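Morning, everyone. I have one structure to go through today, and I will keep it short. Please have a look at the screen.

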Amino acid sequence: MRPATIFLLPALLVGLSLVAAEPATDWKPLFDGKTLEGWTATDFYKAGEVKVADGAIRMEKGSERAGPMTGVTSNRKDLPKMDYEIRYKARRVDGRDFFATLTFPVADSHCSLVTGGWGGTTIGLSSLDGVDASENDTNGNFDFVANKWHDFRIRVSKERLEAWIDTKKVVNVVTTDRRISIRIECYPSRPLGLSTYRTTGDVKDIAWRPLNAADLAEIAKLPKE
C-alpha cells in the first residue's frame, strides 16, 4: 500500500463512521422559536395571554371562572392526517392541571393527548368511544415536575396510537373499530393545537415527521391487543 493511501485511510474510516453514526432525520419544525408564525391564539372564551419568550410559546393561565383554557392552534395547510409523529417539549409553570395538551389529526377525526389533567397527574387520550382519558383504557398517571421540561412524542398510524413522555411509553392502543374524537372544549384546537387548563404552560421544539418504512414495519410487529 502506498504511503499516501495509508495516511488517508484512517481519515476516510473516521469520516465513514461519523456518517454511519449520524441518525437520519426528517423532522419538520412547526415553531421557529421566535414568533407565532404558523400559529394563532386559540379562540377560547376569555383565554389567557399567548406570547413567545425565551424560545418558547407561553400560554398564560385563563380566567378561573369565565375562561379556564388558553392555547395556540396551527394555521398551516400542509399538516399530516395519518402515518406521522409529532414531538415537543413542555413544562408546567404555574397551576395544577394540564399544561400542554395536544389535539392532533387522526385521519378525518381528531384526538387529544391529555398532559396532567384532573388534578395534575392524569394522562391519556380523549376520547375513545366517547370516553375521556380519565376513564378509558389509555388512562394513566405521570408525576410532572414544576418548571421541568418534559419530552412528548405522539405516533399516529392506521391501526394504532402511541405516545411517550420523556423515555416512557404511556399510550399504546389499537384503534381498529374504535371511535376517535375530542371533547367539545377542544374543538377550537383543531386541526392541531396545544392548550392549558387553569394552568400556565410553555412549549417549544415542536416538529413533525412522516413515518417511514422502518417505522411501519416496527408498528406491524406490535401485538394487536
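I will take the pocket, then one strand, then the nonpolar cores. Keep in mind that this is a predicted model.

Start with the largest pocket, which has a volume of about 240 Å³. It is lined by 13 residues, and the closest to its centre are Phe-98, Trp-118, Arg-183, Glu-185 and Tyr-197. By class, that lining has six nonpolar, four polar and three charged residues. Which strand gives the largest share of the lining? That is β8, residues 109-117, with three residues.

Now strand β14, residues 193-197. Four of its five residues are buried. β14 pairs with two strands that I want to mention. With β5, residues 69-74, it runs antiparallel, joined by five bridges. There, Met-69 stands opposite Tyr-197, and Tyr-197 is one of the residues I just listed for the pocket centre. With β7, residues 101-106, β14 also runs antiparallel, through three bridges, and Leu-102 faces Leu-194 across that pairing.

Leu-194 takes us to the largest nonpolar core, where it is among the residues with the most contacts. That core has 39 residues, and the others at the top for contacts are Tyr-88, Phe-104, Leu-113, Leu-161, Val-203 and Ile-206. Strand β6, residues 84-95, gives the most to this core, with four residues. A second, separate core has seven residues, including Met-69, Val-114, Ala-133 and Cys-186.

Last, Leu-161. Leaving aside neighbours within four places in sequence, its contacts include Phe-104, Val-106, Cys-111, Arg-155 and Ile-180.

Note on methods. Residues numbered from 1 in each chain as written. Predicted model: local features only at pLDDT ≥ 70, side-chain atom pairs only at ≥ 80, totals over all residues. Heavy atoms only, no water. 1 Å grid on protein atoms, 1.4 Å probe; cavity = no way out; pocket = protein on both sides within 12 Å on 5 of 7 lines; lining within 4 Å. Points joined across faces, edges and corners; volume = space filled by probe spheres on them. Nonpolar A, V, L, I, M, F, W, Y, C, P; charged D, E, K, R; others polar. Buried < 20%, exposed > 50% of the residue type's maximum accessible area, 1.4 Å probe, protein only. Pairing = 2+ DSSP bridges. Core = buried A, V, L, I, M, F, W, Y, C linked by side-chain atoms within 4.5 Å. Contact = heavy atoms within 4.5 Å.
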